[in-house]
Structure formats: C-alpha cells, structure tokens
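Notebook open, structure loaded. I wanted to look up how one sheet is put together, and then how a pair of helices packs.

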Amino acid sequence: MRDAADSVRPKKTPENSAAEREEIISTERSFKKEVQSLRLGAGEIFRGEGILAVTKALLQSGVSYVGGYQGAPVSHLVDVLVDSQDMLDELGIHLETCANEASAAALLAASINYPLRGCVTWKSIVGTNVASDALSNLASAGVTGGALIVVGEDYGEGASVIQERSHAFAVKSSVWLLDPRPNLPSIVRMTEKAFELSEASNTPVMLELRIRACHVQGEFVATDNVAPKFSRRHMLDGPVPQNYDRISHPPSTFKQEKQKFEVRLPAARKFIVEQALNEFFDGEQNNVGIILQGGLYNAVLRAMNRCGLADAFGRSRVPLMVLNVTHPLVPEQITQFCAGKDAVLLIEEGQPDFLEQSISTILRKADIPTRLVGKDVLPMAGEYTAEVITEGLLKFIEAYAPSFDVAGAGRHLARIREGRTGAQQTLGELPQRPPNFCTGCPERPVFTAIKLVQRETGPTHIATDIGCHSFATFPPFSLGNSILGYGMSLASAPAVGAMMEKRPIAVMGDGGFWHNGLVSGVSSALFNRGDGVLVILQNGYTSATGAQFLPNSKGNRKDGDSTSDIETTLRAMGVKWLRKIDTYALPKMMKTLREAMTTSEKGLKVVIGDGECQLARQRRIRPQIAAQLKRGERVVRTRFGVDDKTCTGDHACIRLSACPSLTLQPNPDPLKSDPVAHVNNDCVGCGLCGEVAHAAVLCPSFYRAEIVLNPRWYDRALATLRNGVIAMLQPKSRTPLPVVAE
Amino acid sequence: MTAQRPLTILIAALGGEGGGVLADWIVQAAQAEDFPVQATSVPGVAQRTGATTYYIEIFPEKRATLGEQQPIFALLPTPGDVDVMLASELLEAGRAAFNGFVTPDRTLLIASTHRVFAVAEKTAMGDGRYDPARLLDTVQARAAEHVLIDMQALAQTTGAPLNAVLLGALAGTAKLPIAREAFVNAIRAEGKSVDANLAGFEAGIQALSTPPSIAGIARPVAASDFDDTARPIIELGVARLLDYQNPAYAQLYLDRLQRVRDVERTAGGDGSLLREAARQLALRMAFEDVIRVAQFKIEPGRFERVRHEVRADPDAPLVVIDYFKPGIEELCSLLPGALARPILRLSEKRGWLGKVYVGMHVRSNSVFGFLRLRLLSSLRWLRPRSHRYAQEQALIETWLSAVERATAVDRALAREIVDLARLIKGYGDTHARGVRSFTRIMQAIVVPALAGTMPASVAIDALANARVAALADPEGNRLDESLASIAAAAPVQAKAAE
C-alpha cells in the first residue's frame, strides 16, 4: 500500500481511490507504510528512521500503554502510534494522545502500582519542564512496571527551543538517563534494556535522542512483537491493596528519598555493569583515554578518523569509554578506566558540565591522579560537531599523547577554516531564511492586521507564544516582545499591562490554548479581572508539529467528531468580550482589534482568529477538487497576480505579507531598475494580497483572476459577449514613433 | 584493500522542495547497490519554507566484501569533508560555501542557478536582491568541480519536480558508484508521480551533456550598462510619453533634456548626466495617476498576459478583478487646481486625508467594468488641466533647475541630484512618502549646496547617504538620522572649507 501523504509533496491525483482520500484526514505525514514495518518478525530487517526504530523496540518489549505529546524531533513517534492503532488494538496496547507533557508524565502512574510497562514521549527541554511536577512525584514513588520516557533532545542545529539539558532533570529527580550510540541497533537495544533497568531499580528511565538521531535512516534485525501480559485484552484482576509507600505524600516521601540512594541507585549500577550498558573499546595508547556520551560516538569517531586516531570502522588507537547511560555513573567503571592513565578527555555536550563535575569528584575521592580534560579544550556551550571535537581533540593529543603525529590534521583544519573565512569575506552577509508562514497561511493576515492597526494606534507590547504564529517575530512583521513558553503568552502580559497605558496583546495558537493557555492564561486573567487582549489563532491543528488533532479540530482520531469548542469553553469560563473573526477578513479583523485595544469595557478581551491551517486545507480540498473536475462539475479557480506595468517596485505589499508565493521578478520596463512584485504559481488564492493592497491603500497592481473550469453554456456566452465588446472598444495598440532631439 | 572513508553528500533545499524525497532516492539507490548508507536531516520547523539540509554518507564498498565490518557514519556534515554538494537554489549554494561545505580539494557542487528570494531581499523598498554574480563567482571558485544549471527552468519545461532534475544531474556526473538504473528504480519504487520524476531525471542527465554554462543567467541591469549615446534611452522616453499623453508632452520632454545636454556640454561632461537624466525625467513625467492605471488595466494584450500568468486554458472563461481604492487626493488630482485646492484644504482640516477612500473591486473584463475603465482612460485630455499635473510639473522644474545649476558647480553633484528623482514613485502612501523624502533632502542638502553654504564634496556624500537612508525604512527613521547628522556636521564643514 503506497499512499503516504508525504509532507513535502501533498499532491493527490484524481486517480486516488475514495478510500485513500478518506485517510488523508490527519497529520502532515502519514505513516501507513512505516506501520507495516512495525509488524516485522524475528530475523527480518527493519529499515527506517531512528524514532520509528524506537517504536518497534517498544512493541518488542511488551509495552502495555503508550502516550505522549507531539513536538520535533519526536512528533513521528506519536504520529506513527496513531497510524498503527489497528496493530495496537491487536496487542491490546492502550494509546493516549495527551493534552500536554504533564498529562503524559502522569500517565506513567500506571506503572507505580502495577506490573505494566509503559512509555511516553515528548520534546525536551520544554516538554520535560511541563512534565516535571508529575515526573518528580513519579520518581519519588518509584515504579513496579518498567516506565520509559523517550525525550527528543532539541539541542544544536535545527533546534527550536531554549538550549538546556534534560540531564538536569535526571539528576535532580533521580531518573536514569540513557544516551545511546546513534545507530539503530544501539537505540533499539537501549530501548529494550531501559524497561529492564527500570524494573530492576524501580526507577523511571529517560531515553534521550538528539535531533539527528531521531531522523537517522538505518536498519536493524527485528525480533517478534510481544503482547503485554496485562493489556486491554488481558486485564488486571483489579486494584492492588493500598500501599502508602507508593504514594508521594509524607511521610512516605522521606522514606522514598532515602530509598533512591540506598536501594534504587545501587540496583541500577549493578544492572548497568552486568548488562554492559556502557561500552569500552581498547586502544594501543594506554596512557590516555576518552570518555564520551554515547550520542556523540559517531561525531567523535569521525573527528578521531580525521586525526588518524581511528579507522572508518571504529577501530580506535586510544581507549574509549562510551557512556550509553549518562546518569547514574558507575564510579567503579570510571576509576577502572582512568587508573594508570596520564589524562582522560571527557567529551560532554552542553552546559552545565554535570559529567565533568561528577567524574572529577569520583576521581578525587578515589585518589586517582589522572588529569581530567574536558571543557578546558572544548567549548562550554553549543553543539559538538566533528569540527568542534577535532579542535579539542588536537589540543588534548598535543598535550598528553605527543607520540601521535596530528600536525597534518591540524594543518588540514586550519586550511579548511581559512578557505571558509575567505568565502565568508567574499560573500559578506547572506540573506537569512528563517521559517515563515506557508503560502496562504490563515495566521498571516492577523499579523498584517496588527501591523496596520499599530500604524494608527502606535506600537503595543506583544506577548507571543509557541507555535507557527511565532514566525511573526521574524521580519517583515517583527511582532513580539517576549516568549515565555507554550500557552504562556497571556500569563506573561498582566504586569506589563499594568505599567502602561496601552493594553498589551497576547497571541496564542489553539494548540497553546489547550496545552496550557486555558488555565495558566485565561483562568488567571479572569480571576484577576485582567484588562488585556488575547488573540487566539484557531487553525484547527497543532500545525507546527505536523498538524495533529486538537480538542477543537474538526476531526478526532477516534470517532471523527471534535470534542470541545474554544468559544463555548471561554464563555463558560466567564469571558464576556469575545469576537470570532475569519482571519482573511482583514478590515473586520482590524476593526475588531482596534475596538479591543480601545474599548472602555474592562476585563479580558478575546479575539478568535478563525482560519483552517492552509497545509491541512489544501491536503483536504485538492483531492475533492480533482474529483469534481473529473466528474465534469463547474469549478471556479481563483488566483492572484500583479500587473508588472503598474507595480512601482516599492514592495510595501511584501512588507505586509511575505507570502512565499509573492516574490520578485526583474522590472520589464527598461527605464526602471527596481524589481517588481510577482505572484508565482504556488498561489492558493487566499486573497490576502488584494485585501492588503486595499486596506493599506498601496497600489492598484493586484488583480484577482477567476478561471471557470468545466464552464457551462452561460459562462461561454458571457465570455463571448465580453470579448466582443472589449475587442470593439479596446484602444488600438500604439506603435511609438522614435523621435530624437536635434 | 578497503576504502578509507565514506562518500559524503549534503543536500541544501528549502522546506517543501522535496529535499527529503531526493535524499530517500539516493539512499534507496545506494542500498540497492549493496553499499552501506546512512541519511540524517533536521526537518523541525524548517519545513515551513526555511532553509534546511539533508546529509547522506555512503561507504563505497559493497557490504558483501566488508563482512562484519560496519562503517561508522557521521550524523552531521563537516566542513572540508563534503564530496557532493547538491543545492536546489543559488543562494543556498552560496550558503553552503559560506559554511565551509564547498571546498576546492574535493567538492563537486551541483546547483540550480535560479533564485528564490529571501524575505529580506523582497521587502527592500528598492532593489534588495543579493548580487547573483557574486554568488556564482564564489561558488565556482570554491568548488573542485561544478554543475550550475537553471534546473527550475528545466523542471518547468519538462513538468517535473526540481528534485528529480537534481537527481538526474547527480547521476549524470557519475561521481557516485551508483548506476543510473538504480536511481531510476528508486524513483519507480517510491511510486509517486513516477513519469514526471523520470522526465525530470532524464532532463537532469541531458543537461550535463551540454557543457555547463552560466551565460544564460540574468545579471541586473545597471545604469552604467548603457551605450555611450543617450539616444536609445531618449527614444524609450519619447515613446513612453507619447503613450502617456501626446506629442506635445513628448516634445516638452525633449526640450527639457536639451537644457541638460547644453549645461553638461558647457561643463565638459561626457554625456552620462544626460543619459541618466533622460531616464529619470521620462519616469517623472509619466507619473502614475488614476488615468494611467485605467489605461494599463485595459491595454491590448493585458488579459492575455493574465491568462498566461495564471495558467488558464485559452478558452476557459476568465474574470479579472482589479482592486482600486482611490482616496480624496487621487480624486482631486483629476480636478483643476481651483476646485481641488479648497476640497483638499477642507479634507485636511477635517482629518479626512489618508482616511477616506472609495474601495472598488472592478471586474475589468466584464462589459460594465471595462467601460468604466475605458471612460476613465479617455480622460487624458483633462490631465494637463489637473491639480496633480501642476504639482508634478512644479516638482520636476525644481529638480531640473537644481540639476542645471549644480552642473555648473560640480558634475558629480548634479548626478546625485538626478538620482534623487528615484525617490518619487508609485501611488498613495508610497508616492506621498517619496515626495516628502525628496523635498526634505532638497531643503537640507541641495539648497545649501547651491547657495554655497555647503561644500560640494560634502553635499555629494550627504546626498548619497540620504538617498539610501530614505529607502531604508518606510517610517523615515533612517532619513531623520541621516539629515540630523548632516545638520549637526554642517557648521563645522562650512568652517573647515573656508
């Protein structure tokens, strides 16, 4: 079956069957194809992304329940689970698509009292922050069944969140942290071992996967899926008798804290050693060694290869200790590895340097004089690419293993950098390409409206949020003064609002609203009789993470009905001033915003900008239109365009929109040099161009073209009449007379 | 003997261009040929039209011969370590060079030379496009070998996606140890739009058989590109004004130019001032008003042009709707000064200016829509009697006489004043803003320079700075700063010049 609606080419041809069209109802990418590989049995080769390999490993581990909240780089884990509902049902596995990470973490409570293996997933660090209350309670109580949290470590190139380490949560809550080598066999093995480790030490386990590890394409040899002992098909007998020791409540909490260090930690360390979760690789040069996080293994080996310290297959000339478990460390393993060496290089990405501090303490307490080198030759912050590691490695080798000749590698690195600097000087500053609203995005017009209203009313403080709409912080809108987290915009505005005349505007997506904004923002604002303005962009999906369903979505993964409505919810909560506006109706939106900003009515003012995510909409309507055309039905196609002769090349229209399909082309007028605006064929006919030109009184260059497909007789008759009249009355084309002065 | 290192391929694409599919094709083909392969990417939110990359490593030795050995693949590209750089667009090829991923010792660069403009380039008030020649020169200098073709054009002519053309070009170079057939099979196995993808793949291969050329790439036309003689520009100007108004108006153009030519000759100029003045004067005299817009909207060929642009079939009924929103100023601009001035005065007093508009959506190729525009465009005879005409001619005369007087002082100064005309263009807000900037710069710099209170050398720099500042932001903040710094420096300079 080959109907995966690919994210980049959502084209659907009329040949698609009705059944296939029905399937394109949710998520940007469908995983129907990948789901098939989740059924592979023992000995078969699984090929696919890292995050899908994790999913297969869960099924091979006999997991009873799964859940999570979407977010790059682990969105696919949730998406693929949704798409594999049939198989989950066969195995009796419960799937919960959680409202936020806190509810995902709380789901793991099932493993506290019962021998159930469970796994949840979210984007870290932000998701872990949201989950941390439930996570602390879970970790304190401890677990009976294996509890696994798969976190997408959104750090380095391509990351979309604040740069912090999940490691901190593992340390402070006593949750074990796995950081496997980034190849599929290692990731799968560590996922399976995570459940065993969790059960052996009664502790939840986090598996950390960096962005590229989630998306790495590779293969591993599958084993059979295991039906869980207890499941929806084979239920538990009933609740266990109350055991107060399992409740995170005093006095148990005092006992639990002691247990963490007296019982669970030693048990975990014993398991780590027995199961050889950390890996050791020999090398000829025994006076030095390298300790590294498992996730950095491939980058470190590439750097070593460039320095002549390892071959292409990982045979190293320097002994390596690969920490597939970064918390807890096993002191005996550390001392054994370091003893007798002059120096050890620790390669630990990100800050603070948790591992360096811990290992220093371990060595100091064991009176081992080995020199620990780490952040002194490597940068404290930022992603550890092979280039960064090479630089640190060269310094380390030059100082502690001068018998290796790395001078050539050093010269090579210098030459590469020199060449790059040269190219940078020649090119100067290149135009950046941050993410932008998609062509026809329903959120763009709202920011056009805010920008135009600000021209009249002066600037306002804008508290913005997480979601596609945060792209408005980039030019040309450059709207937004702060981001405080997902669903936190309204909560971040009251103190600002209290200190200035003009009301601040808080912007929030419907994703953020259900995730946190409903309580942290709206409820708090109402309770405090706040006077702010909240703009909710209701596009019907969590679009930034791949168009997953929300409570207010038109569809639902279970029964196809939406469960909640934002307007009803807000009214029930006590919001009095509420307007719901079609986002493309620019003048109406401007009028409403003006009113919200200036009305004497006190209290929270909510403007719901209503417009379906255009990506989702196009995916939905394209097959419909294709089918209509095929049936011979009359269809009017709308598109916008720019008359290049009337365009002045001022580009004010682009400054108020930046639609990807509104671009430039050379000026056709030989007397003019500024490029003119141009609408390319990606235009979906949303109409914002025309509305902007109209509302901002820009210029008369925009036109809308309506093309009648499968025209009826009256369409043809009217066209004939019009063409006839025009042909008769149109001024004749002038042939200009070349006249020259003299 | 085993190979020492993997072959590395980095793909730079924009979100939505199919870079992921391209990476998949390469991975599939490598797997089919039994080479160990790994691909990674950082999709994230970059899929929303941002720049993104995909990275592939292929170990160029069959698994059968490697036995138990597993190559260790990197997940990130390393500067200096890229064998093949594929870029779907020219700026992204430049960015790859900027980031060190195109190096002269090993990188084959395969890139499409078309441009997809970044937001910063599009939002400039004049021409903000990054110089494509600079990108081309740099990437060619940095690459060991390069294939630079306008693959978007190829994609459009073959009706294929761009990523298939890129794959064809990659296959055509035979840089990877993968047979063409394996790529074709990968496209077939993927199963979506197979025919179109194969057509693009073939086009990519074919493009390589003709030697790579950059000759077809348009470079922006600069004023200095014009011939020695001003004649071609003047001919264009005359034709423009005949179309715009009438022969008398074209004659006025020539008379005005003669003045410039004469002063320039006297000052010993080389004709460059005349050429630029001819260009700017034609544009200034053909100022845009509602009559002109109506004329453009119904001119012969326009509806066919639209039909072509929106890709409508020749016989599909097509309606073209134009957006007009004339304000009081636009409407008054048609009236004689004696009528327009009191209305404008009243409107200003009441605060109607910039607030009261008549919004119209005109179906320009419907019978009545067309007739309305036809009627409006026939009002050209009214133009010379209109308020706007008088205003524009006064502005033109001020500008032109400043040019004349400046030529006698310093030809470079005159040239700067000629260029000032560029600030005035367009309609509505854009036009008003331009006139405001122009007038302020004239007052602050040109008047003192002609009066001798500001040295010409200072004025020349100040004019160049002010003109750039005026185009920097619509709010005019940069122009404020620029003029303030000139005002602050003026007394000092005057003193120094004494």
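Sheet first. In this predicted model, I traced an open sheet of six strands in chain A, with parallel pairing and the order β16-β15-β17-β18-β22-β21.

Next I checked the edges. Those places go to β16 (482-483) and β21 (577-582) of chain A. Each has a single partner strand, so one side of each is left without a neighbour in the sheet.

I then followed β21(A) to strand β22 (residues 605-610) of chain A: the two pair in the parallel sense over six bridges. Along that pairing I noted Asp582(A), which stands opposite Asp610(A) in β22(A).

What packs on the sheet? I found helix α20 (residues 510-527) of chain A there, touching β17 (505-509) and β18 (533-538) of chain A. The direction of α20 makes about 130° with that of β17(A).

Over to chain B for the helix pair. I looked up helix α12 (residues 272-285) and helix α19 (residues 411-420), both of chain B; they pack at an angle of about 15°, with their axes 10 Å apart. Angles under 35 degrees count as roughly parallel, so that is what I call α12(B) relative to α19(B). I logged their crossing as left-handed.

Which residues meet between α12(B) and α19(B)? From α12(B) I listed Leu273(B), Glu276(B), Ala277(B) and Gln280(B); they meet Arg411(B), Ala414(B), Arg415(B) and Val418(B) in α19(B). Sorted by class, I have four nonpolar, one polar and three charged residues in the contact of α12(B) with α19(B).

Note on methods: Residues numbered from 1 in each chain as written. Chains lettered and ligands numbered in written order. Predicted model: local features only at pLDDT ≥ 70, side-chain atom pairs only at ≥ 80, totals over all residues. Axes fitted to C-alpha atoms, helices over the stretch in contact; angles between N-to-C directions. Helix = DSSP H or I, 4+ residues; strand = E, 2+ residues; numbered from the N terminus. Parallel < 35°, antiparallel > 145°, perpendicular 65-115°, else oblique. Left-handed = near helix turned anticlockwise from the far one by under 90°. Contact = placed C-beta atoms within 7 Å. Nonpolar A, V, L, I, M, F, W, Y, C, P; charged D, E, K, R; others polar. Pairing = 2+ DSSP bridges.
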